[in-house]
Amino acid sequence: MSGWFTDTGTGAGTGAGGDFRLLGTRCSACSAVYFPREDAFCRNPGCAGDGELAEVPLSRHGRVWSYTDGRYRPPAPYVSDPDRPWTPYTLVAVELEAERMVVLGQAAPGVTVADLAVGMAVEVVAGVLNEDADTTWTTWHFRPVATDDGDRDGSDEGGVRA
C-alpha cells in the first residue's frame with residue numbers, strides 16, 4: 001500500500017517512538033481532504049477545479065464510528081493460507097479527529113468487538129498485512145487509547161455519543 005501512510009517509527013505494529021500517519025490529499029481551492037490520496041483531480045463536485053493537490057498527513061487519533069467482526073475469509077487480493085483455520089478479525093470505522101472523515105481499517109491484533117464502543121478514542125498504528133521470508137507488507141490498524149481521565153472510551157455514556 002505504497003503512498004497510503006508514512007512511518008517514522010520503530011517498526012510495524014509498535015506504534016512507539018514514531019509518527020505513523022495515514023496520508024491524504026488536500027485541495028488548495030476548496031480545502032477538501034481525501035483518503036486514500038488523490039493525485040489527478042479534486043473529487044469534490046462543488047470545487048472550481050483550479051486548486052493544487054497536496055499530500056497531507058491525517059490525524060493519528062479519532063473516535064469509533066462503527067465496528068463489526070469479519071467471520072469469513074475475504075476474497076483476493078487479501079492474502080491468506082486456505083489450509084490454515086480462519087481467525088475472525090475486527091473491522092473499525094473511525095472518524096478522524098481533525099478531518100471529520102470516516103476511515104475503515106482493522107483493529108489491532110487482540111482487539112475484539114467486545115473491547116470497542118461507539119465514541120471510543122482510538123489511534124492509528126502500524127500493522128502487518130502479510131509477511132514472508134523476504135518481505136513484510138505494512139498496513140494500518142486502530143487501537144483503543146486511554147483518555148486524560150483514564151477512561152478508554154473517552155465518554156461518560158459508556159462509549160455512546162449523544
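1. Let me start with what the largest pocket is made of. Sorted by class, its lining has 15 nonpolar, eleven polar and seven charged residues. Please keep in mind throughout that this is a predicted model.

2. As for its size, the largest pocket comes out at a volume of about 860 Å³. It is lined by 33 residues, and those closest to the centre are Y78, T87, Y89, Q106 and V128. If you want to find the spot in the viewer, those five names are a handy place to begin. Two or more lining residues come from each of β6 (89-96), β7 (102-107), β8 (121-131) and β9 (136-144). Which of the elements gives the largest share? That would be β8, with seven residues.

3. Now a step back to the fold as a whole. You won't find a helix here: the count is zero helices and nine strands. Reading along the sequence, you simply get β-β-β-β-β-β-β-β-β. Of the 162 residues in the protein, 35% are buried. Contacts across the sequence are worth a look too: taking those with a separation of 6 or more, 53% are between residues 24 or more positions apart.

4. Strand β6 deserves a paragraph of its own. Seven of its eight residues are buried, so this strand is mostly covered, going by the cut-off of under 20% relative accessible area. On one side, β6 partners with strand β5 (residues 61-70): the two run antiparallel and are joined by eight bridges. One place to see this pairing is G70, which sits opposite Y89 in β6. Y89 also turned up above, among the residues closest to the centre of the largest pocket.

5. β6 also pairs with β7, again in the antiparallel sense, this time over five bridges. Two positions to click on: V94 stands opposite V103 in β7, and A93 has L104 as its bridge partner there. The two strands form a hairpin, with five residues between them.

6. What is notable about R100, in the loop between β6 and β7? Its phi is positive, about 60°, although R100 is not a glycine. R100 counts as exposed because its relative accessibility is 57%, and the cut-off for that class is over 50%.

7. β7 has a further partner in β9. Here the strands run parallel, and two bridges join them. Q106 stands opposite H141 in β9. Like Y89, Q106 is listed with the residues closest to the pocket centre.

8. Next, look at the part of the chain that comes earlier in the sequence, beginning with L23. This residue belongs to strand β2 (residues 21-27). Is L23 buried or exposed? L23 counts as buried because its relative accessibility is 7%. L23 and F5 are 18 residues apart in sequence, yet their C-alpha atoms are 4.8 Å apart in space. Leaving out residues up to four places away in sequence, L23 touches ten partners you can list off: G3, W4, F5, T6, F35, R37, E55, V56, P57 and L58.

9. V56, one of those contacts of L23, lies in strand β4 (residues 53-57). V56 also counts as buried, because its relative accessibility is 15%. Its C-alpha is 5.6 Å from that of T25, although V56 and T25 are 31 residues apart in sequence. With the same residues up to four places away set aside, V56 touches L22, L23, G24, T25, R26 and V33.

10. The aromatic rings are worth a check as well. Searching the whole structure gives five aromatic pairs. W4, F35 and W140 are linked into a cluster by ring pairs. Two of these names, W4 and F35, also appear in the contact list of L23.

11. Finally, a couple of backbone details. F35 is joined to P36 by a cis peptide bond, with omega at about 0°. P36 is in the loop between β3 (33-34) and β4. In the loop between β2 and β3 you will find S31, which has a positive phi of about 70° despite not being a glycine. S31 counts as partly exposed because its relative accessibility is 46%.

Key. Residues are numbered from 1 along each chain as its sequence is written. This is a predicted model: local features need pLDDT of at least 70, side-chain atom pairs count only at pLDDT 80 or more; totals for chains, interfaces and linings use all residues. Side-chain values use heavy atoms; hydrogens and water are left out. On a 1 Å grid over the protein atoms alone, a cavity is a set of points where a 1.4 Å probe fits but cannot get out, and a pocket is an open set with protein on both sides within 12 Å along at least five of seven lines; lining residues have an atom within 4 Å of a point. Grid points are joined across faces, edges and corners, and a volume is the space filled by probe spheres set on the points. Helices (H or I, at least four residues) and strands (E, at least two) are DSSP runs, numbered from the N terminus. Ala, Val, Leu, Ile, Met, Phe, Trp, Tyr, Cys and Pro count as nonpolar, Asp, Glu, Lys and Arg as charged, and the others, Gly among them, as polar. Rings of Phe, Tyr and Trp (its six-membered ring) pair if their centres lie within 6.5 Å; planes under 30 degrees apart count as stacked, over 60 as edge-to-face and the rest as tilted. Buried means under 20% relative accessible area, exposed over 50%, partly exposed in between (1.4 Å probe, protein chains only). Two strands pair if DSSP finds at least two bridges between them. Contact means heavy atoms within 4.5 Å.
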